[in-house]
Amino acid sequence: DMKKIAADPTLRGAAVPPAAHRNFLLMFDLANSSPGTIGRASTAAQQFVETQLGPNDIAAVSVFTTEGGAKMITSFTADRGVLRAAIETLGHPKYFKVADPLMISVASGSTGVDTVGGKTGGKSDIQGIVASEMEQQNSLSKRVNQDELRTRLRLQLGQFGNVARILDRLQGQKQIILLSEGFDAALVNGRDMTTMSDEAKQENEAVLSGEAGLSGVDTSARFGNASSNTDIEQMAALFRRSDVVMHAIDIRGVRSGVDASEGAKRTSSEGLNLITRPTGGTVFKNANDMSENFARVLRQQETIYVLGFAARSSDKPGKFHNLKVKVNNTPRGTRVSSRAGYYEPTSKISDLERALTLAEMLMTDAPMKDVDLSVTATTLPGPGGKSRVPVIVEIPGTKLLAGSNGKNTVANLYIYAFDNNSKVVDFLQQRIALDLEKAGDTIRASGIRYLGTLRLPPGDYAVKALLRVEDTGKTGLVRSDVHVPTFEQATILPPVLFAEPESWAMLVGSSRGDDYPYPFATGDAKFIPQNHPTVKVGSDYNVALFLYRVPLESLGVTPVVVTSSGATSTPNVKLLGRTAADDRGGVKLLFTFKPENLPAGNHELRFTVKMKDGNESVVTMPFTIL
């Protein structure tokens, strides 16, 4: 129940299946709106993002213009700062630039505010530019005839349908909230004869006298346009097939029968009704306080039910399968809607579909195990008030190459560090291109290890590694929670197991301008760190402790193993030696560890480090016995 989660802080951030998340795409229709109403819509949308979205909701921002069509400004994200900046600027390139390939972070300083949309510094300038562009579009629209307007409407409906098709791969509830004054419904339904202009009255007299064919009466303008109705149905079919609902908020507010410039004039939101109703959506109107309209949208989805089933593949990627859902004994007034069907998965995907889909996986922690990744993130002191966080991602070769039949394969690896507010603090991307004729057998026998370094200020982070194999569509996602200390005082980091490199291929990310010696080495020997390793009883392993600014005089280190049942025992751990202090006061203590008399399952190796002054630190390394 989304309402309960939003009201109860203890439930916020609770594990929610990806299919139960709500995905809101805020689409600003600049082609059918005025600068004043878009400004009010922008303010209400920012309030919606800041105060009304639930803790498990994610949202994206897009705009529609006559010349540029539908354009995504951000992917679906839980970062309220990114969303606020996108809404405030409407994606104007002078003020808003995405910083990452998945469109979930903003380049520093590009909004004229702080890193990701803080307090505004150039808001009036932004709104002035947007208003100027909209006024130019609106003036062009006034000079075109009905046929040209219908052509523009056809293009707009086609663009909306394409957006729905792109959203098909996303899980969860997918809803577009269209912020618009709407198009003239007469383009579809014909002229409203209840309030006739002189031209309409002349046409009416011609029709009544039987002279319609001689007097040049525009029958489409008078009786409606079948082609436009077909365009709406085709758009709606794509929405239903992709399980997307379009709602609309009439940003005109309370409408009256009088226009300040044209006198008596009946205006309506019927154009919005025409395009939302077939998708299962609703038009929220007649409210000058648009925040209430946003609240009404949310109230429609306060309780979510997920119905799932296992579908058999017909080995026809992209094929659409119809679905029918029947619900018995529903209370009076109940409205039931379900998706019309589903497309079979295909590895063919556009760049935008890839960005939206992968961004959603990162935001919802969707379990993706096509490729079983593992990630180890450690922390080291770094320059400029930020720590270096080396990240090693292990990619098993058998899963990586499963289904790849060509001579080459390409995979894209994305590593993101999120803070507690779902803000992207740093990210890495690596394209992995493999020649299978030369390296296929070697990769299958072991795999690939990637080493890259994040830069993070002190704090707690979720480091997520996401891999997509482009020719097969297989994905893998893994998360590691990392605490970055300040390093301004004595610091002891959690122990890591130093594994032998073995025959795995090592891929090192590009330099970021502050190259430093490989930290996981003792002498000339280089190792691979693992902070949650899988070990065997009776085998010997090297375990390292990283100490910074810790006096070594009279230092006491006591190891203990804590089993899954909570029992403790003294492990077979021996000190091998230590390294000399580096230029930042860092020392590595190297131990041997032989697991003995432990049952299969998850356990913990715990070190209690007691310093000369009596201060004590406890650090742990979880491990698994096969």
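V336 is partly exposed in this predicted model, because its relative accessible area of 47% falls between the limits of under 20% for buried and over 50% for exposed residues. The place of V336 in the chain is a loop, which runs between strand β9 (320-322) and strand β10 (341-343). At the surface, V336 joins L307, V325 and V327 in making a nonpolar patch of about 370 Å².

The chain as a whole exposes about 30,100 Å². Carbon and sulfur atoms account for 48% of this exposed area. With regard to burial, 48% of the 626 residues of the chain count as buried.

Helix α12, which spans residues 290-299, offers an example of a mostly covered element, with 7 of its 10 residues buried. The buried positions of α12 are M290, S291, N293, F294, A295, V297 and L298. Several elements of the chain serve as packing partners for these buried residues of α12. Among the strands, the partners are β1 (22-29), β4 (173-180), β5 (244-250) and β8 (283-284). Helix α2 (35-52) also packs against the buried residues of α12.

In terms of secondary structure, the chain comprises 15 helices and 31 strands. Contacts within the chain were also examined by separation in sequence. Of those between residues at least 6 apart in sequence, 73% connect residues that are at least 24 apart.

Methods
Residues numbered from 1 in each chain as written. Predicted model: local features only at pLDDT ≥ 70, side-chain atom pairs only at ≥ 80, totals over all residues. Heavy atoms only, no water. Helix = DSSP H or I, 4+ residues; strand = E, 2+ residues; numbered from the N terminus. Buried < 20%, exposed > 50% of the residue type's maximum accessible area, 1.4 Å probe, protein only. Contact = heavy atoms within 4.5 Å. Areas by Shrake-Rupley, 256 points an atom, 1.4 Å probe, with all protein chains shown as cover. Patch = residues over 30% accessible without salt bridge, like charges linked within 9 Å, V, L, I, M, F, W, Y side chains within 5 Å. Salt bridge = Lys/Arg side-chain N within 4 Å of Asp/Glu carboxyl O.
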